[in-house]
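Good morning, and thank you for coming. I would like to present a few features of one structure, beginning with the aromatic rings and the charges over them, and then turning to a sheet.

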Amino acid sequence: MPPEISISRKLKERVKELSCLYEVSSAIRKHSDSIMETLEEICKITKQAWLYPDHVIVRLEFEDFNILTSDSPENSIFQQSDILSFNEIKGFIRVSYDIEKLSEAHFLKEEQKLLDKIAIEISEFFERREIIKKEELLKRGAERNDRLSILGEITAGIAHELNTPLGNILGFAELIKSSSKESQTRKDIEKIIKAAIYSREVVKKLMFFACEMPQHREFIKIKPAIDQALALLSPNFKKAEIIYRFEIDNPELEAQIDAIQFTQVLFNLLINAIYVSPKKTTIFIRVSSTKNNFQLEIKDEGPGISADIISKVFEPFFSTKPVGEGSGLGLSVVHGIVKSHRGEIITFDNKPRGTVFQVTLPLKS
């Protein structure tokens, strides 16, 4: 049993508790930009609020953060409170004594209440940071969607304006080629035809991005569509010395989508993943589903996307590939197709390395 505490001592401890809570709140405000500094100061403040501050050992763990004010004793008594984040336990704060160094070590009931309040302060600190982070992501997403919407209107107009002259160039070039017998002329015309065909493909991608391509949505099985795309790309995987792993939680899953455009999404995402993946690594393809949607994830083990460009990856003509290796329209096309299917595409880090592209589409139009 702990010894009786006098009224004056209890009053003194109460003052320490109130001071502790005030100092914890102040530390959170002072170091709001540095999580580690905030947690370290909270541990120091907590240490001083207990009955035997010179012997207190405070340990705080939250996700990747682990703070210890001194070495953990082999034989100890301790009090502990869980740290929550949105009602989920993510860590704890523990106060302990080494009973070999302090034989009379004990805790007060009020100290447990104080520790619970400190844990609540820490929980709210992390929840506020998470809310701010999510609000910032939503804001960036809305700004990006606005930019893409404007770009979609512009590119649709450009695509329509280019279609007619490109058709004329291609038609007249074919006519000249068929009527010309001079070798050099035929070679030059062949170059014009190839350039016109390439330009027409760029226009087609622009129209995909702007959602101007006609769609034929029907119920198709997702697994065979992905199997076929992987089979067609098997030479690409082999040449790059990369393997893939495909998982689907429901092999009979069906969705009402445009099969050709879904294949276009798969090709663009997989070719990009192959391009950035080092040799001897794995690309993971996973499909999961809920009552109303299905989700496609393609994960690579490449260098990842840096924070300064991640907001631009779906913009047309933006590319990190060398000049001549990409038009910068692949992911824009993917975004346009997903958007036209009333879906969503996001990208984030694949831990410990690489990138994840996550596509969510409705099962029924």
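Let me start with a charge over a ring: Lys134 lies over the face of Phe86, and the distance to the ring centre is 5.4 Å. Please keep in mind that this is a predicted model. There is another arrangement of this kind, in which the charged end of Arg94 sits over the ring of Phe78, 4.6 Å from its centre.

From there I move to rings that pair with each other. A pair of aromatic rings is described by the distance of the centres and the angle of the planes. The count here is 7 aromatic pairs. One of them is formed by Tyr52 and Tyr97, an edge-to-face pair with 5.7 Å from centre to centre and 75° between the planes. Which parts of the chain does this pair link? Tyr52 belongs to the loop between helix H2 (35-48) and strand E1 (57-62), while Tyr97 belongs to strand E4 (residues 88-98), so the pair links distant parts of the chain, with the two positions 45 residues apart in number. Are these two tyrosines buried or exposed? Tyr52 has 18% relative accessibility and therefore counts as buried, the cut-off being under 20%. Tyr97 is buried as well, with a relative accessible area of 0%.

The rings of Phe125 and Phe126 give a further pair. Their centres are 5.2 Å apart and their planes stand at 65°; because an angle over 60 degrees counts as edge-to-face, this pair is edge-to-face. Phe125 is buried at a relative accessible area of 3%, and Phe126 is buried at 8%. Both residues also belong to a cluster, in which ring pairs link Phe62, Phe65, Phe125 and Phe126.

I now turn to the sheet. It is an open sheet of 5 strands in the order E6-E8-E9-E11-E10, and its pairing is mixed. Why do E6 and E10 each have a side without a neighbour in the sheet? Strand E6 (243-248) and E10 stand at the edges and have a single partner strand each, so one side of each is left free of a neighbour. From one strand to the next, the twist averages 15°.

Within this sheet I would draw your attention to strand E11 (residues 355-362), which is mostly covered, with 8 of its 8 residues buried. Thr355, Phe357, Val359 and Leu361 point one way from E11, whereas Val356, Gln358, Thr360 and Pro362 point the other way.

What joins E11 to its partners? Strand E9 (residues 293-299) runs antiparallel to E11 and is joined to it by 7 bridges. Among the bridge partners, Leu296 is matched with Val359 of E11, and Asn293 with Pro362. Strand E10 (residues 344-349) is also antiparallel to E11, with 6 bridges between them, and Phe348 stands opposite Val356. The hairpin of E10 and E11 has 5 residues between the strands, and Gly354 takes a positive phi there, near 105°.

Finally, the helices. Helix H5 (residues 222-232) packs on the sheet, where it touches E6, strand E8 (282-289) and E9, and its direction makes about 175° with that of E6. Helix H7 (residues 259-276) lies across E8, E9, E10 and E11 and runs at about 25° to E9.

Thank you; I would be glad to take your questions.

How values were computed
Residues are numbered from 1 along each chain as its sequence is written. This is a predicted model: local features need pLDDT of at least 70, side-chain atom pairs count only at pLDDT 80 or more; totals for chains, interfaces and linings use all residues. Side-chain values use heavy atoms; hydrogens and water are left out. Rings of Phe, Tyr and Trp (its six-membered ring) pair if their centres lie within 6.5 Å; planes under 30 degrees apart count as stacked, over 60 as edge-to-face and the rest as tilted. Helices (H or I, at least four residues) and strands (E, at least two) are DSSP runs, numbered from the N terminus. Buried means under 20% relative accessible area, exposed over 50%, partly exposed in between (1.4 Å probe, protein chains only). A charge sits over a ring if NZ of Lys or CZ of Arg is within 6 Å of the ring centre and within 35 degrees of the ring normal. Two strands pair if DSSP finds at least two bridges between them. Axes are lines fitted to C-alpha atoms, for helices over the stretch in contact, and angles run from 0 to 180 degrees between N-to-C directions. Contact means heavy atoms within 4.5 Å.
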